[in-house]
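Trainee: Please take a close look at one part of this model with me, starting from the aromatic rings and working outwards to whatever surrounds them. I'd like the cut-offs as you go.

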Amino acid sequence: LYTIISVTIASVFGLSTAASGFVMAVLVALGFEPLKNWLSKTTDSFLFKGEYKPQQLLEELTSRVSSTLNIKNIFSGIIELFDVAFHPSKQAILVAAADGKHFSLGEAEGFTSGDTIAVSFKKTHPIINFFKRHKEAVVFEEYDRRYADDPHGHADMKPFIRELSQHDLALYVPLHKQDKLIGLLLLGQKKSGDVYTNQDIQTLDIASAHLAVAIENARYYEQ
């Protein structure tokens, strides 16, 4: 990114490589974050626009989760696959403990020390309680807008929405095996800046069922 900025400065102002390097050093020293952030977002919007094929993605997912009973390998394979397909800024998998009393972090990518993702949710946590009853994926912005504009309030939804807002995530996908909540797939905003489409959500809903079965099978094997 800094190389791109340096070359751009040199070409626009007709500066030598050394001179443009000096200008860059001064800008960095002054904390030239707005330009860096803008260029980063602009670059991401072009680099991460690639389309994926849902059927191909699901076939690859099935192949990966059926080829191993090592739960860590399952997690890392899914994270890698979804990174290529959806380009989320961050993603994580939360998994129910064997005793069912809490959900812990199985795998994560893209989170920083400043993020508020919990390492563990108790089974009574509002997010866990909600997804025990609902099998559909939740797009945070849609839920936030829907209930913020609801004149009747839906007081029972407020703790759930409040918790969702704490984690800077765009999409929550529950992992159910029949009526049992096995875990949660958490995805941040797309690096391209695009929203998650209906195709994305439908694909992830199908993928979640395969992933839930794979996690359960791996856990039985470990026991």
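Mentor: Let's start with the rings: the count here comes to eight aromatic pairs, where rings of Phe, Tyr and Trp (its six-membered ring) pair if their centres lie within 6.5 Å, and planes under 30 degrees apart count as stacked, over 60 as edge-to-face and the rest as tilted. Before we go on, keep in mind that this is a predicted model, so local features need pLDDT of at least 70 and side-chain atom pairs count only at pLDDT 80 or more, while totals for chains, interfaces and linings use all residues. Residues are numbered from 1 along each chain as its sequence is written, and side-chain values use heavy atoms, with hydrogens and water left out.

Take phenylalanine 131 as the anchor. Together with phenylalanine 160 it makes an edge-to-face pair, 5.9 Å centre to centre with 75° between the planes. Phenylalanine 131 sits in helix α6 (residues 126-133) and phenylalanine 160 in helix α8 (residues 158-164), so the pair ties together parts that are 29 residues apart in sequence. (Helices, H or I of at least four residues, and strands, E of at least two, are DSSP runs numbered from the N terminus.) Both phenylalanine 131 and phenylalanine 160 are buried, meaning under 20% relative accessible area, with exposed over 50% and partly exposed in between (1.4 Å probe, protein chains only).

Phenylalanine 131 has tyrosine 172 as a partner too: the ring centres are 6.5 Å apart and the planes at 20°, so this pair is stacked. Tyrosine 172 lies in strand β5 and phenylalanine 131 in α6, so here the parts tied together are 41 residues apart in sequence. Tyrosine 172 is buried, as is phenylalanine 131. Put the rings together and you get one aromatic cluster, formed by Phe130, Phe131, Tyr143, Phe160 and Tyr172.

Tyrosine 172 leads us into β5, so follow that strand next. Six of the seven residues of β5 are buried, so the rest of the structure largely encloses this strand. β5 pairs with β4 in the antiparallel sense over two bridges, and two strands pair if DSSP finds at least two bridges between them. Valine 139 has leucine 171 in β5 as its bridge partner. With β6, the antiparallel pairing of β5 runs over seven bridges, and leucine 175 stands opposite glycine 183 in β6. β5 and β6 form a hairpin with two residues between them, and glutamine 178 in the turn has a positive phi of about 60°.

Now step back to the sheet. It is open, with six strands in the order β3-β2-β1-β6-β5-β4 and antiparallel pairing. Its edge strands are β3 (120-122) and β4 (138-139), each pairing on one side only. Over at the β3 edge, β2 (residues 102-109) and β3 pair antiparallel over three bridges, with phenylalanine 103 opposite phenylalanine 121 in β3.

What lies across β5? Helix α9 (residues 198-222) does, lying also across β1 (91-96), β4 and β6 (180-187), and running at about 50° to β5 (171-177). One residue to click on in α9 is glutamate 216. At 4% relative accessibility, glutamate 216 counts as buried. Setting aside neighbours within four places in sequence, its contacts are Lys177, Lys180 and Ile182, where contact means heavy atoms within 4.5 Å.

Helix α9 has a helix partner as well. The axes of α5 and α9 come within 10 Å and cross at roughly 165°; axes are lines fitted to C-alpha atoms, for helices over the stretch in contact, and angles run from 0 to 180 degrees between N-to-C directions. That makes α5 roughly antiparallel to α9 (under 35 degrees is roughly parallel, over 145 roughly antiparallel, 65 to 115 roughly perpendicular and the rest oblique). Residues of α5 that meet α9 include Ile71, Phe75 and Phe82, and among those in α9 are Leu204, Leu211 and Ile215.

One helix further on, α4 (residues 54-66) packs against α5 (residues 71-86) at about 165°, with axes 10 Å apart.
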